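Reader: Please take me slowly through one loop of this chain and its surroundings, residue by residue. I would like the whole chain sketched beforehand, and the unusual backbone geometry set beside the contacts.

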Amino acid sequence: MLIDCGEKSAYDNVIRYLNREETVSLDYVIATHPHSDHMGGMAEVIDYYDNVGEVIIPPLTKDAIPLTTFFSDFLDIVEEKEIPLTQARVGMKGTLGDAEWRIISPFECDEENLNNCSVGIILKHGENSFCFTGDAEDEAEKTMVYSGVTEDVDVFKMAHHGSDTSNTELFLMATRPEIAVVSCGAGNSYGHPNDGAMARIKTYAEEIYRTDLDGNIIMKSDGKEISVTTKGDSLW
């Protein structure tokens, strides 16, 4: 399963990493929401693979569909390769080897804030669990918690690159992650990750990893334990 892929400029690095991991096909591709820093290079990634099983996107309304080249190219390659394109629905489930996943967001798509359209999933492998919520902000986090779809997880990829508009105390209390990961570029102009969000996650997570400081962050699960290694040669 590939969840997002970064900007188009990162395409070569993403493919190089996937090849290093001997990835020959993708059962699922999840494009969490149509912002270029999450799926700018997705058309190129999908085009690279001969076997892509299913592509999952948020349930975008007509007014929320962006008029951008990267999104148009993405839709074109999915159609050209006749890959099933599925709009995410909360409660959707699937298997990935001996792991299981389920979609926990979005309940609705806010065309005024595409971050809150982000597809969120919880992935479980044996005793280990991982939560990915794209750029979901406080309103989406609140909906997830009050709808009862959240649960304690081992690993949380902090939402919206560690932004203060996400990673709310409410959501962290509902998920209680032991390990956190922040995906953010070194010296980024947005100031990610936010100091307030980092202070909140430190209340729960015993381990915190950041791509701007640690480079590539690789977690491996055997169903009981999670091992973590970092590589200084960051993809970004």
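Author: The helices and strands named here are DSSP runs numbered from the N terminus, a helix having at least four residues and a strand at least two. The model is predicted, and in it the chain has eight helices and 13 strands.

The overall form comes before the loop. For 236 residues, a compact globule would be expected to have a radius of gyration near 18 Å, and the chain agrees with this because its own value is 17 Å. Measured out along the principal axes, if one may put it so for a calculation, the C-alpha trace spans about 45 × 40 × 40 Å. Of the 236 residues, 51% are buried, and the chain exposes about 11,500 Å², to which carbon and sulfur atoms contribute 45%. When contacts between residues at least 6 apart in sequence are considered, 66% of them join residues at least 24 apart. The side chains include 18 positive and 43 negative ones, and the centres of these two sets are 4 Å apart.

The part to examine closely is the loop that runs between strand E9 (155-157) and helix H6 (169-175), where His-161 is placed. His-161 has a relative accessibility of 14%, and since buried means under 20%, that value is why His-161 counts as buried. Its backbone deserves attention as well: His-161 is not a glycine, yet its phi is positive, at about 60°. Most residues other than glycine have a negative phi. A polar atom of the His-161 side chain lies 2.8 Å from the backbone oxygen of Ser-183. Once neighbours within four places in sequence are set aside, His-161 is in contact with Asp-37, His-38, Asp-135, Val-182, Ser-183, Cys-184, His-192 and Pro-193.

Two residues in that list, His-192 and Pro-193, share a peptide bond that is cis, with omega near 0°. Pro-193 itself is placed in the loop between strand E10 (179-182) and helix H7 (195-201), so that the contact with His-161 brings together residues from two loops, the other being the one between E9 and H6. A cis bond also joins Ser-105 to Pro-106, with omega near 5°, and Pro-106 is found in the loop between strand E6 (99-105) and strand E7 (120-125). Most peptide bonds are trans.

Further along, Ser-166 also lies in the loop between E9 and H6. Ser-166 counts as buried because its relative accessibility is 0%. The side chain of Ser-166 reaches the backbone oxygen of Ala-136 at 2.8 Å. Not counting residues up to four places away in sequence, Ser-166 touches Asp-135, Ala-136, Glu-137, Asp-138, Glu-141, Ala-159, His-160 and Arg-200. Asp-135 thus appears among the contacts of Ser-166 and among those of His-161.

Glu-141, one of the residues touched by Ser-166, belongs to helix H5 (residues 138-146). Glu-141 and Ser-166 are 25 residues apart in sequence, while their C-alpha atoms are 7.5 Å apart in space. Although its side chain is among those counted as negative, Glu-141 counts as buried, at 0% relative accessibility. The side chains of Glu-141 and Thr-168 are joined by a polar contact of 2.7 Å. With neighbours within four places in sequence left aside, Glu-141 is in contact with Ala-136, Ala-159, Ser-166, Asn-167, Thr-168 and Phe-171; Ala-136 and Ala-159 are also touched by Ser-166.

Beyond helix H6, the loop between H6 and E10 holds Arg-176. Like His-161, which has a phi of about 60°, Arg-176 is not a glycine and has a positive phi, here about 45°. Their accessibilities fall into separate classes: His-161 is buried at 14%, whereas Arg-176, at 44%, is partly exposed.

A residue elsewhere in the chain offers a further example of a loop position. Asn-51 lies in the loop between helix H3 (42-48) and strand E3 (52-57), and with a relative accessible area of 46% Asn-51 is partly exposed. Apart from neighbours within four places in sequence, Asn-51 is in contact with Ser-25 and Leu-26, and from C-alpha to C-alpha Asn-51 is 8.9 Å from Ile-83, which is 32 residues away in sequence.

How values were computed. Residues are numbered from 1 along each chain as its sequence is written. This is a predicted model: local features need pLDDT of at least 70, side-chain atom pairs count only at pLDDT 80 or more; totals for chains, interfaces and linings use all residues. Side-chain values use heavy atoms; hydrogens and water are left out. The radius of gyration is taken over C-alpha atoms; the globule rule is 2.2 Å times the number of residues to the power 0.38. Buried means under 20% relative accessible area, exposed over 50%, partly exposed in between (1.4 Å probe, protein chains only). Contact means heavy atoms within 4.5 Å. Accessible areas come from the Shrake-Rupley method with a 1.4 Å probe; for residues, only the protein chains shown count as cover. The place of a charge is taken as NZ of Lys, CZ of Arg, CG of Asp or CD of Glu. A polar contact is a pair of N or O atoms within 3.5 Å; within protein, one must be able to donate a hydrogen and the other to accept it, and residues adjacent in sequence count only if both atoms are side-chain atoms.
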